[in-house]
Amino acid sequence: MKDSADNKNSALHISKGKSMESNINKNFKRKKRPQRSLDEFLKGILDGNRIILSQAITLIESTQSKHQELAQQIIEACLPYRGQSLRIGLTGTPGVGKSTFIDSFGQIVLAEDRQLAVLAIDPSSQLTKGSILGDKTRMETLSVHPNVFIRPSAAGASLGGVARKTRESIILCEAAGFDTIFVETVGVGQSETAVHSMVDFFLLLLLPNSGDELQGIKRGVMEMADLIAINKADGQALPAAKLAKKQCRNGLHLFPPKQSGWVATAELCSALEQTGLNTIWQHILSYQNQTTINGYFSKHRQEQAKYWFEESIQQQLKHLFYQHPSIKEIFIRIEKQVVEGQISPFKAAELLMQSFVN
């Protein structure tokens, strides 16, 4: 008796499938879109074309030398049109709700008929180097607003997710007509110096139960903050938020006066219920007005330009060092000697530097 699987009348019988021809054209070759010229990029950016602006920022973020050359030309061409904006840096502890805050706070900015650009930095995996780039999806209101440009970027290996490329993206956004720019950092506690060196106003977001957490926050970020906002100050968390606000204000009094003459403080807000956001915006406008009058606003911009000038020199020197033929020739050998303990790291670095300059 044959097995039931061989019986065509059995429910277990499997019919022989028909082979189907593939609909994929194996001879199809996607045509590469020709690279835009410098004039096309500049015209598109000045006209506020979001697609061309995004493509230009992609060139800035690219590591390919041919892209970097064109990107630098675009930046130089946009320089005469930059600077006419209010740059606001936002950082905070993980889970504080930075993206939700920006989505709600951005509506306050847009109510004053402003053009808003959001440069959101998304954390990158140290293993796969990948990023979710989900900030835009969490900004449901801003992402569909005609006066808003949102650019999520991967942090990569840069310090805290902000680096020279972010500052250059700011220049392009300003040339495109955006008068208010948010720079949202990863919020890992290492990016404060970098973000402070490219924005006018520095906003630190904390959670209601951050009283004990203040012990774990670096003194530097507290000193650099122009305003501390206790987010999620609603519902049952409101009493804890009020306590955190009081503790933050007391802590801020311990720091020396700012060069700007601005006295930092702490406020309560709820991005979810959209409360306290107008107060924060008024603080920012007051800061801009006060520092413009006393001259610190423009002086700070000049100091930032100097900082990034020196940073650029260091980055280019580092690139030249590793690309130098003599360094490439002996680097692996000396590195192996360091790993095996045959030579100290300091002596190895000295040998490499001698080979570099000779």
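**D179 and the α1–α2 pair**

Let me begin with a polar contact of 3.2 Å that joins the side chains of D179 and T180, where a polar contact is a pair of N or O atoms within 3.5 Å, one able to donate a hydrogen and the other to accept it within protein, and residues adjacent in sequence count only if both atoms are side-chain atoms. Please keep in mind that this is a predicted model, in which local features need pLDDT of at least 70 and side-chain atom pairs count only at pLDDT 80 or more, while totals for chains, interfaces and linings use all residues. Residues are numbered from 1 along each chain as its sequence is written, and side-chain values use heavy atoms, with hydrogens and water left out.

D179 sits in the loop between α6 (164–175) and β4 (180–184), with helices (H or I, at least four residues) and strands (E, at least two) taken as DSSP runs numbered from the N terminus. At a relative accessible area of 24%, D179 is partly exposed, because buried means under 20%, exposed over 50% and partly exposed in between, using a 1.4 Å probe and protein chains only. Leaving aside residues up to four places away in sequence, D179 touches Q84, S85, L86, R114 and Q115, contact meaning heavy atoms within 4.5 Å.

Turning to the helices, E40, F41, G44 and I45 in α1 meet I52, L53, Q55, A56 and L59 in α2. The residues of this contact divide into six nonpolar, two polar and one charged, where Ala, Val, Leu, Ile, Met, Phe, Trp, Tyr, Cys and Pro count as nonpolar, Asp, Glu, Lys and Arg as charged, and the others, Gly among them, as polar.
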